[in-house]
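This briefing goes through the structure shown below, moving from the overall fold to individual helices and then to unusual points of the backbone.

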Amino acid sequence: MSWIDNALASNGPIYLRIVNSIERTMNTGELVPGHRLPSQRALAKQLGIDLTTVTRAFDEARRRGLIEARGPQGSFIAPPKAAFGQPVDLSMNVPPVPDATALNDMLRRGAAAVLARSNALNLMTYHLSGGSPTDRHAATCWLQPMLGNVNETRLVVAEGAQFALASILISQTHEGDTVLCDHLVYPGLLQVTRSLGRRLVPVAGDEQGMRPDELERLSRESGARVVYLNPTCNNPTALTVPLQRRAELARALQRCELLGIEDDPYWHHDPGKPTPIAALAPDHIYYVSTLSKAISPGLRTAFVQCPSARHAEDLAAALRSICLMGHPLVMALVSQLLLDGSAHALLKQVLAEASERTALAEHLLAPSLRARATGLHAWCNVPEPWTDATFVHAAQLQGLAISPSSAFGPGGSLQQRGFRLSLGLASSRRQLESALRRINQLIISPEGPVIQR
Ligand SMILES: Cc1ncc(COP(=O)(O)O)c(C=O)c1O
């Protein structure tokens with residue numbers, strides 16, 4: 001159905017319905033820059049409305065930068081001028097904020113509720129790290145959909161996944177120890193292990209994720225006690241490990257007496273809601289779920305289910321040793337929003353917008369480029385004769401910040417070529433669309449990678 005068939009479908013003033021229909025159809029990619037619109041008179045006749053209403057609609061669409069008039073040739077869908085030359089950050093995985101007004105309201109109501117029901121003095125003093133009973137109850141509610149069974153004695157609340165990862169490594173490993181991981185990993189893990197003097201050793205994988213036979217071999221050969229896993233909408237490869245492979249990895253952990261750290265910030269983003277490996281081997285895995293990618297980095301909090309109550313105590317002690325505690329006011333707000341349901345309302349909006357954006361990436365990125373788009377990002381191949389470096393540089397010259405595979409590599413011989421595009425930070429779908437089109441333009445440009453010759 002074309003935008004004209006839909007033009008009067010919604011509610012509100014007719015001229016705005018027409019403008020909104022143009023904008024909606026541009027967002028789906030069906031109306032592209034350069035597309036010629038019917039004349040105002042023809043459109044008025046087709047819709048059975050007054051010519052002045054169509055004129056008003058076109059004026060408004062022009063004001064919003066959606067269309068441009070080219071004199072006697074008529075009106076055309078405008079090139080995305082607002083975004084051209086304007087830097088677009090495709091390098092940070094941040095959830096899109098679909099409705100800033102709703103977000104403001106939610107924060108205002110949540111903060112008011114916290115202050116109304118709490119003793120202010122209690123919020124203004126030191127607390128034990130690891131979370132209050134209310135925080136742990138909120139954590140249980142958050143983790144239940146993923147893990148089913150949540151054991152409160154094994155729960156720890158931390159101020160973000162990065163902080164939890166550092167503290168787990170402090171509590172379970174020593175300087176110089178080996179930590180196993182995928183060939184490409186979340187850059188925060190690279191930084192943490194580097195600062196702590198732990199050695200990352202990549203385990204070979206295939207199109208289903210980390211290979212359990214290789215995990216067992218490397219665990220025996222290296223003496224590693226810990227493996228880092230990020231099996232859902234992996235950062236950066238966007239791969240979700242299928243259930244069968246998860247079960248095999250769980251068995252490998254059990255056989256090798258390995259401790260897994262399952263970092264699962266994108267679980268909600270995967271429509272299949274895959275069973276965490278931690279649900280298959282709960283006594284061998286730290287399950288880490290941060291709110292940063294599902295809700296907002298502004299409410300950054302990680303809930304950790306530990307392999308045992310003793311592991312939870314050790315983790316809380318490690319957290320205490322490096323930061324003592326989180327901010328009680330922020331934590332109280334997080335618990336309030338989780339328990340009164342507003343966080344879930346926001347989650348729903350984030351997921352809806354994120355899935356529109358990944359669909360846009362799947363639709364717009366050229367097949368030679370596209371590997372996968374899930375969660376908040378797409379993983380792309382670098383087509384010959386480009387290299388990571390020339391492609392990233394060329395994108396930079398276009399005002400696009402993207403992340404090359406080298407940002408995710410712990411080293412080793414099996415480096416993958418490619419880059420990650422983060423989809424959440426573009427201010428609108430229209431800006432994202434323009435950025436993705438520019439990425440495509442680069443690979444089909446006749447000049448090719450001339451920049452660094
Ligand atoms: C896999 C993974 N873990 C953890 C984080 C960071 O989470 P937090 O903000 O809670 O530290 C990220 C952020 O990009 C991530 O991709």
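The protein, seen here as a predicted model, contains 17 helices and 17 strands. Its radius of gyration is 25 Å, which agrees with the value near 22 Å that a compact globule of 453 residues would have.

**Overall dimensions and surface**

- Taken along the principal axes, the box filled by the C-alpha atoms of the protein is roughly 75 × 60 × 35 Å.
- Of the 453 residues in the protein, 53% are buried, and the exposed area of the protein is about 20,000 Å², with carbon and sulfur atoms supplying 54% of that area.
- Among contacts in the protein with a separation of 6 or more, 73% are made by residues 24 or more positions apart.
- The protein carries 43 positive and 39 negative charges, and the mean positions of these two sets lie 6 Å apart.

**Helices H2 and H15**

- Helix H2 covers residues 14-27, and because a helix is expected to rise 1.5 Å a residue, its 14 residues should span 20 Å, in agreement with the 20 Å between its end C-alpha atoms.
- The buried residues of H2 include Tyr-15, Ile-18, Val-19 and Ile-22, together with the polar or charged Arg-17, Ser-21, Thr-25 and Asn-27.
- After H2 comes Gly-29, which has a positive phi near 90°.
- Helix H15 covers residues 342-364, and the same reasoning at 1.5 Å a residue gives its 23 residues an expected span of 33 Å, which agrees with the 33 Å between its end C-alpha atoms.
- Buried positions in H15 include Leu-346, Leu-347, Val-350, Ala-354, Leu-360, Ala-361 and Leu-364, and Glu-353 and Arg-357 are also among them.
- An α-helix has 3.6 residues a turn, so residues three or four places apart point the same way; in H15, the buried residues Leu-346, Val-350, Glu-353 and Arg-357 can be read with that spacing in mind.

**Surroundings of Val-114**

- Val-114 belongs to helix H5, which runs over residues 100-117, and the residue counts as buried because its relative accessibility is 2%, where buried means under 20%.
- Leaving aside residues up to four places away in sequence, Val-114 touches Leu-123, Leu-329, Ala-332, Leu-333 and Gln-336.
- The C-alpha atom of Val-114 is separated by 9.4 Å from that of Leu-337, although the two residues are 223 residues apart along the chain.

**Cis peptide bonds and positive phi values**

- Most residues other than glycine have a negative phi, and most peptide bonds are trans.
- The bond between Asn-235 and Pro-236 is a cis peptide bond with omega of about 20°, and Pro-236 is placed in the loop between strand S9 (226-229) and helix H11 (243-256).
- Cys-233, found in the loop between S9 and H11, is not a glycine and yet has a positive phi of about 45°; with a relative accessible area of 0%, Cys-233 is buried.
- A cis peptide bond also joins Glu-384 and Pro-385, where omega is about 0°, and Pro-385 lies in the loop between strand S14 (377-380) and helix H16 (388-397).
- Lys-273, likewise not a glycine, has a positive phi of about 40° and sits in the loop between strand S10 (259-263) and helix H12 (277-280); at 35% relative accessibility, Lys-273 counts as partly exposed.

How values were computed. Residues numbered from 1 in each chain as written. Predicted model: local features only at pLDDT ≥ 70, side-chain atom pairs only at ≥ 80, totals over all residues. Heavy atoms only, no water. Helix = DSSP H or I, 4+ residues; strand = E, 2+ residues; numbered from the N terminus. Rg over C-alpha atoms; globule rule 2.2 N^0.38 Å. Buried < 20%, exposed > 50% of the residue type's maximum accessible area, 1.4 Å probe, protein only. Contact = heavy atoms within 4.5 Å. Areas by Shrake-Rupley, 256 points an atom, 1.4 Å probe, with all protein chains shown as cover. Lys, Arg positive; Asp, Glu negative; His and termini not counted. Charge placed at Lys NZ, Arg CZ, Asp CG, Glu CD. Expected span 1.5 Å × (residues − 1).
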